[in-house]
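Trainee: I'd like a close look at one part of this model, and then a walk outwards from there. Could you take me through it in one go?

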Amino acid sequence: MSTTQQLQDFVQQVRRDIVRMVHAVKSGHPGGSLGCAEFLTTLYQDVMDYSTDFTMDGKNEDLFFLSNGHISPVYYSVLARSGFFPVKELATFRKLGTRLQGHPTTHEGLPGIRIASGSLGQGMSVSLGAAQAKKLNGDTKLVYSLHGDGELEEGQNWEAIMYAAGKKVDNYIATIDYNGQQIDGSTDDVMPLGDLRAKFEAFGWIVLDVEKGNDVESIKNGLVEAKSFTGKGKPICILLHTEMGNGIDFMMHTHAWHGKSPSDAQLEDALSQNPETLGDY
């Protein structure tokens, strides 16, 4: 278990990693990555039961699947700083021959990665397969996944949402990064999602709201509560209310940083707002 201060220090260093990685290659997705830094930090540093002696089958350990794979900078940072691969490898992000591609892939054998992503909307289907496999194998550990709210505009998600409840996949916790933003603007402008809680509940899910989705204590409490509902015949959904670009003032309250790298001056500004805590790569 990590203290709140330890989690916050971890998050702050992850923010530095994100903006440095994206700046170095002038490409990547810092906005959503920053918005999910607290969630992935809390999940990996305080909640999930896993081994860094990585195997693809993941027997007898909790599994996580990142569906909105464009936020790979935060995922790579958290994995590296959780011990899956050397932190110095973050310097290879999006470079020729790297294992750290723009979207995570599996054929490079990067420890921690169990699903390739690119086209959005597929992560829930994969997660459900893994959760059902665990049940068939008598494995009592859980499966977690993360999805963008804009990603729910993809139809395959709703087939999976219907399937999860219909098959009583109750060892599965799906989290929605509910930031209200996507590449072209707000989700309300592009394709209104309506009442997500009511929709998931209508499909037979247990739904929890974490209103402070960038607060590690609130996230921890939400995940603990979600775990308490596993094994009760229904899949669980967490609506995580986050702020895209959180922790860097000029990246917040806008969709503009969905897929845009900071300039040299903006990088220095971002780093000044998040002093080094665990050591830069």
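Trainee: Let's take the second largest pocket: what is its volume?

Mentor: Quick housekeeping before we dive in. This is a predicted model, so local features need pLDDT of at least 70 and side-chain atom pairs count only at pLDDT 80 or more, while totals for chains, interfaces and linings use all residues. Residues are numbered from 1 along each chain as its sequence is written, and side-chain values use heavy atoms, with hydrogens and water left out.

Now your pocket. The second largest pocket comes to about 160 Å³. A pocket here is an open set of points on a 1 Å grid over the protein atoms alone, with protein on both sides within 12 Å along at least five of seven lines; a lining residue has an atom within 4 Å of a point. Grid points are joined across faces, edges and corners, and the volume is the space filled by probe spheres set on them. Around this pocket you'll find M56, D57, G58, K59, N60 and L63, plus A130, A133, K134, N137 and D139. Helix α5 (residues 123-136) gives the largest share of that lining, three residues; helices are DSSP runs of H or I, at least four residues, and strands are E runs of at least two, numbered from the N terminus. Sorted by class, the lining holds four nonpolar, three polar and four charged residues. In that scheme Ala, Val, Leu, Ile, Met, Phe, Trp, Tyr, Cys and Pro are nonpolar, Asp, Glu, Lys and Arg are charged, and the others, Gly among them, are polar.

Set that beside the largest pocket, at about 280 Å³. Its lining has 18 residues, and H70, L120, G150, Q182 and H258 lie nearest the centre. Nine of the lining residues are polar, five charged and four nonpolar.

Back to L63, which lines your pocket and turns up again in the lining of the largest cavity. A cavity is a set of grid points where a 1.4 Å probe fits but cannot get out. The structure has three of these at 30 Å³ or more. The largest cavity has a volume of about 60 Å³, and L63 shares its lining with Y44, M48, Y50, S51, F54, E61, D62, F64, F84, G112 and R114. That makes seven nonpolar, two polar and three charged residues. The second largest cavity holds about 40 Å³ and is lined by S67, I115, A116, S117, G118, S119, Q122 and G123. Its lining has six polar residues, two nonpolar and no charged.

Y44 leads us on to the helices. The axes of α3 (residues 37-47) and α4 (residues 72-81) come within 10 Å and cross at roughly 30°. Axes are lines fitted to C-alpha atoms, for helices over the stretch in contact, with angles from 0 to 180 degrees between N-to-C directions. So α3 and α4 are roughly parallel: that label covers angles under 35 degrees, with over 145 roughly antiparallel, 65 to 115 roughly perpendicular and the rest oblique. Y44 joins A37, L40, T41 and Q45 of α3 in touching V74, Y75, V78, L79 and R81 of α4, where contact means heavy atoms within 4.5 Å. By class, seven of these residues are nonpolar, two polar and one charged.

Helix α1 (residues 4-25) also meets α4, with axes within 9 Å and a crossing of roughly 130°, so α1 and α4 are oblique. F10, Q13, V14, D17, I18, M21 and V22 of α1 touch P73, V74, Y76, S77, V78 and R81 of α4. Nine nonpolar, two polar and two charged residues take part.

Finally, α1 and α3 come within 9 Å by their axes and cross at roughly 130°, which makes them oblique too. L7, F10, V11, V14 and R15 of α1 sit against A37, E38, T41, T42, Q45 and D46 of α3, giving five nonpolar, three polar and three charged residues.
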